[in-house]
There are 2 protein chains.
Amino acid sequence: MEEATTDGRVLRGEATRERVLDAAERLFAAEGFDAVSIRRIAAEAGVTLGVVGFHGGSKQKLFRTVLERRVEALNAARRARLAELRAQDATLEMRDLVDGYLTPYLDHASRGDPQWRAYARLIARIVSDDRWYPEVGGLYDPVAQEYLDAMHELRPGVPREELVTALTLTVASMLSLVASRARIAGLSGREAGGPMDYRETLIAFCLGGIEAVAAHGR
Amino acid sequence: MEEATTDGRVLRGEATRERVLDAAERLFAAEGFDAVSIRRIAAEAGVTLGVVGFHGGSKQKLFRTVLERRVEALNAARRARLAELRAQDATLEMRDLVDGYLTPYLDHASRGDPQWRAYARLIARIVSDDRWYPEVGGLYDPVAQEYLDAMHELRPGVPREELVTALTLTVASMLSLVASRARIAGLSGREAGGPMDYRETLIAFCLGGIEAVAAHGR
DNA sequence: TGACAATTTATACGCTCGTACAGATAGTTT
DNA sequence: AAACTATCTGTACGAGCGTATAAATTGTCA
């Protein structure tokens, strides 16, 4: 029942904790906070009821923990991309910024392991919810601001609020694509194809949208 | 306690039913299906528990009724705009199509009565939910198909699936704007201004996105 | 080995939930 | 006025909920 890390430290509880968080992530992503009970999370994780409370605290605390667990990984990936772009000699392009912001999410959401896909769906759910977004959305804001700074350097004449709106709509488009693949396939009358066929279309859409807003905002 | 219609017919139950549906619409929009109990809907509507069941049926049925109640009005407004565009002599422009599809929703969501605003938020919530969208999203599909047809006429070389994706992202952007006005104001560091300042920005973004997808899709 | 801390089990409490239904009330019809 | 139907009230039931906690178990370390 035990697992050993590479450095030899033994952890019994830490592995259980991860299982609980994974189970909560899957269920919350699929059905939302209110539809999922702690008992179902326990069953999904293969532990007893009390263990969820022991590792996760209250239901709200557990939910917040799930939401916060992967923020740093995403922020780091986006920051790395931005740093990479700034380090290179060639001029910064708007397309690179859009790509740099969307790709870390899309990679995890489409090709990565199921847990990341669940997390992506969970974020898509949270973003239209006044009850949860204020608690967690702010964690993504600092990096968004860095990208907004870069966008502002690129299009100095455009009011920042216009860029904010454009980036918000970009994020919304990104999240909706994760949640809507099946629907798009249905509307266009064919089966869902390979993994994330729509990535290029998404980037084209967002880039075109941002450029149009920039042009419109003088 | 009674109300009389213009034609003299007396209706006791119908007015109550509307009150129940209005209350359900407000609460479901603000907090979602699972977070709202029938008892709270009853209290919000100022009726007793049993009345909600009498007029609304089961909780699921009530929810579906709320979702379906305003579909026809939106579909009719969109169809009317499309017919108007087709009747005029000038060439059909992509901008007109985007405007025609978005405006009925935006008008209701921003300027209309609070019930319509609640409905708009409810739809924004539903669209990222696999549990509910299949039951109700299809009601909007026929009109979406008509707009897709018009878009296809305008850009015959573009694969229909690309247009479907572009329209889906457009709708997602529209819905997110309703749900995100406060957040955009926060990110850009100033107070929320007048009603729906972002409407032009939204249309510019979606139009630019669609054109970019059309160009990208050959 | 025995004490100690971390973890897991099992159970209980008070609450709210969705649903159902018998009876009261009111409007309409005969 | 009496019968009838639509609407509303009040109450009850069983189930599941989040949370707390005492006891059992396990692993660690003196």
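**Entry 1, the two chains.** I superposed chain B on chain A in this predicted model, and the operation that does so is a rotation of 180° with 0.0 Å of shift along its axis, at an RMSD of 0.0 Å. I therefore note the two copies as related as by a two-fold rotation axis. I then looked up the interface residues and found that 100% of those of chain B are also interface residues in chain A, so the copies meet through the same surface.

**Entry 2, what surrounds DNA strand C.** I listed the residues around DNA strand C and obtained 19, the closest being A:Thr16, A:Thr48 and A:His55 from one chain together with B:Arg39 and B:Lys59 from the other. Sorted by class, this surface has seven nonpolar, seven polar and five charged residues. On the DNA side, I looked at the atoms of strand C within 4 Å of the protein, of which 63% belong to sugar or phosphate and the rest to bases.

**Entry 3, polar side-chain atoms of chain B.** I checked which kind of DNA atom each side chain faces, and for B:Arg39 a polar side-chain atom lies 2.7 Å from a base nitrogen of DNA strand C. For B:Ser37 the partner is a phosphate oxygen of the strand, at 2.9 Å from a polar side-chain atom, and for B:Lys59 a phosphate oxygen is likewise the partner, at 2.8 Å.

**Entry 4, the elements involved.** I traced the surface near DNA strand C back to the elements that give two or more residues to it, which are α1 (13-31) and α3 (49-56) of chain A and α2 (38-45) of chain B. The largest share, five residues, comes from α3(A).

Key
Residues are numbered from 1 along each chain as its sequence is written. Chains are lettered from A and ligands numbered from 1 in the order in which they are written. This is a predicted model: local features need pLDDT of at least 70, side-chain atom pairs count only at pLDDT 80 or more; totals for chains, interfaces and linings use all residues. Side-chain values use heavy atoms; hydrogens and water are left out. A residue is near a molecule or strand if one of its heavy atoms lies within 4 Å of it. A polar contact is a pair of N or O atoms within 3.5 Å; within protein, one must be able to donate a hydrogen and the other to accept it, and residues adjacent in sequence count only if both atoms are side-chain atoms. Helices (H or I, at least four residues) and strands (E, at least two) are DSSP runs, numbered from the N terminus. Ala, Val, Leu, Ile, Met, Phe, Trp, Tyr, Cys and Pro count as nonpolar, Asp, Glu, Lys and Arg as charged, and the others, Gly among them, as polar. Copies are superposed by least squares on the C-alpha atoms of residues with pLDDT of at least 70 in both. Contact means heavy atoms within 4.5 Å.
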